[in-house]
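Trainee: Please take me closely through one part of this model, and state the cut-offs behind each term as you go.

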Amino acid sequence: MSEHDTMAETPAGTPASSGPLGYGDRVQLTGPKGRLNTITLVPEGEFHSHRGVIAHADLVGLPDASVVVNSSGEEYLVLRPLLSDFVMSMPRGAAIVYPKDAAQILSLADIFPGARVVEAGVGSGALSLHLLRGIGERGELFSFERRDEFADVARANVAAFSGAAPENWTLSVGDLQDTLPAVCPDGTVDRVVLDMLAPWECVGVAADALKPGGVLICYVATVTQLSRTAEEIRRSGLFTHPQSNETMVRGWHVEGLAVRPDHRMVAHTGFLITARRLAPGTVLPSLKRRASKGDFTDADLASWLPDLAGDATSAEVWTPEVVGDRVKSEKVLRKKVREARSLAQERGVEEPSAEPGA
Ligand SMILES: C[S@@+](CC[C@H](N)C(=O)[O-])C[C@H]1O[C@@H](n2cnc3c(N)ncnc32)[C@H](O)[C@@H]1O
């Protein structure tokens, strides 16, 4: 495989492991020009660049983070990819939650070892992998995804990273609104994490599933979705006042006296909104604040969020296109499923089951 092909086509990944490198491990090779190539170590395997060859056997037995030399004397740094490396390059059915937002979700939702967590939708499984890390082996993750193809991509990605389908992970195919009550009895869930087009449609079932004091956290891409979600949480009367934020991460170039922010950054990914489940029957005390000229009427809200005011249905107003989601064709999605499965197979995982709940 050429250097170029490897960069474009091969996703990175590895189970969370340490120790000497062995066959079956995914490793990242960084060459003289800083280019990253990700390969799976196999017996008889060779890594070819334009200028030379490295036999996989030469890497086996080396400690992680070693340097190897190719047949023309060029040095390559060898590293096992981190979880963030894996999710950024694994096959994607749907847009993923970036590591900067996943880190915030773990913190703001207080994802703890042993927690029972509900997640929807699953998309490509990036957030699922972070949540599985956070809950540890004693926790349980119940994931829900309405589309079969996305569920297939996520199953394969999670298995490829973990080395097998985690026993404490259940993936159900269906709309969260319809499937959650059958999977998680009322009041048994510590955290609910929603990353979907219309999280306000799931506020009710999330409230039913959560224990008193449990955290609901929603990730949305646009200000209009943020507003719609906050108003639904408020209107339900079942949660504390919602808190909203976004996270911007700006990289820095730090070299000698040239110390400055990077010229480019990912300026926007999404917003996070959190609220805590009130105990059943509890009424949130109203905030004492002076009436201000800035107070809005129901008509003002209706002009901004027509479905909230009942002037339209949610399905009429909110489509992936209106919030700027790029929708992948069926053909592209099938390709992503194949890519994710072949990555899992390279890692020695049997084809992940397509059975709901498996
Ligand atoms: C942006 S993707 C999620 C990405 C995922 N968090 C990740 O990090 O890879 C949103 C997903 O939500 C799914 N979805 C939307 N509404 C849903 C619902 N009501 N129940 C279950 N899944 C839903 C969509 O099919 C889509 O796959």
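**Two loops, the ligand shell and helix 5**

Mentor: Glu-44 is found in the loop between strand 2 (36–40) and strand 3 (46–48), where helices (H or I, at least four residues) and strands (E, at least two) are DSSP runs numbered from the N terminus. The model is a predicted one, in which local features need pLDDT of at least 70 and side-chain atom pairs count only at pLDDT 80 or more, whereas totals for chains, interfaces and linings use all residues. Residue numbers start from 1 along each chain as its sequence is written. Although Glu-44 is not a glycine, it has a positive phi of about 70°.

The part to examine closely is helix 5 with its surroundings, beginning with the loop that leads into it. Gly-121 lies in that loop, between strand 7 (116–120) and helix 5, and is joined to Ala-120 by a cis peptide bond with omega of about -15°.

Gly-121 also belongs to the ligand's surroundings: 24 residues surround the ligand, and the closest are Ala-94, Gly-121, Gly-123, Ala-126 and Met-196, a residue being near a molecule if its C-beta atom, placed from the backbone, lies within 6 Å of it. Helix 5 (126–135), strand 8 (140–145) and helix 7 (176–183) are the elements that give two or more residues to this shell. By class, the shell divides into 14 nonpolar, five polar and five charged residues, with Ala, Val, Leu, Ile, Met, Phe, Trp, Tyr, Cys and Pro counted as nonpolar, Asp, Glu, Lys and Arg as charged, and the others, Gly among them, as polar.

Helix 5 also packs with another helix. The axes of helix 4 (residues 99–108) and helix 5 come within 10 Å and cross at roughly 40°, axes being lines fitted to C-alpha atoms over the stretch in contact and angles running from 0 to 180 degrees between N-to-C directions. That angle makes helix 4 oblique to helix 5, given that angles under 35 degrees count as roughly parallel, over 145 as roughly antiparallel, 65 to 115 as roughly perpendicular and the rest as oblique. The crossing of the two helices is right-handed, the near helix being turned clockwise from the far one by less than a right angle.

On the helix 4 side, Ala-102, Ile-105 and Leu-106 meet Ala-126, Leu-127, His-130 and Gly-134 of helix 5, contact requiring C-beta atoms, placed from the backbone, to lie within 7 Å. The residues of this contact divide into five nonpolar, two polar and no charged. Ala-126 therefore has a place in both settings, among the residues closest to the ligand and in the contact with helix 4, in a helix that crosses helix 4 obliquely.

Methods
Two residues are in contact if their C-beta atoms, placed from the backbone, lie within 7 Å.
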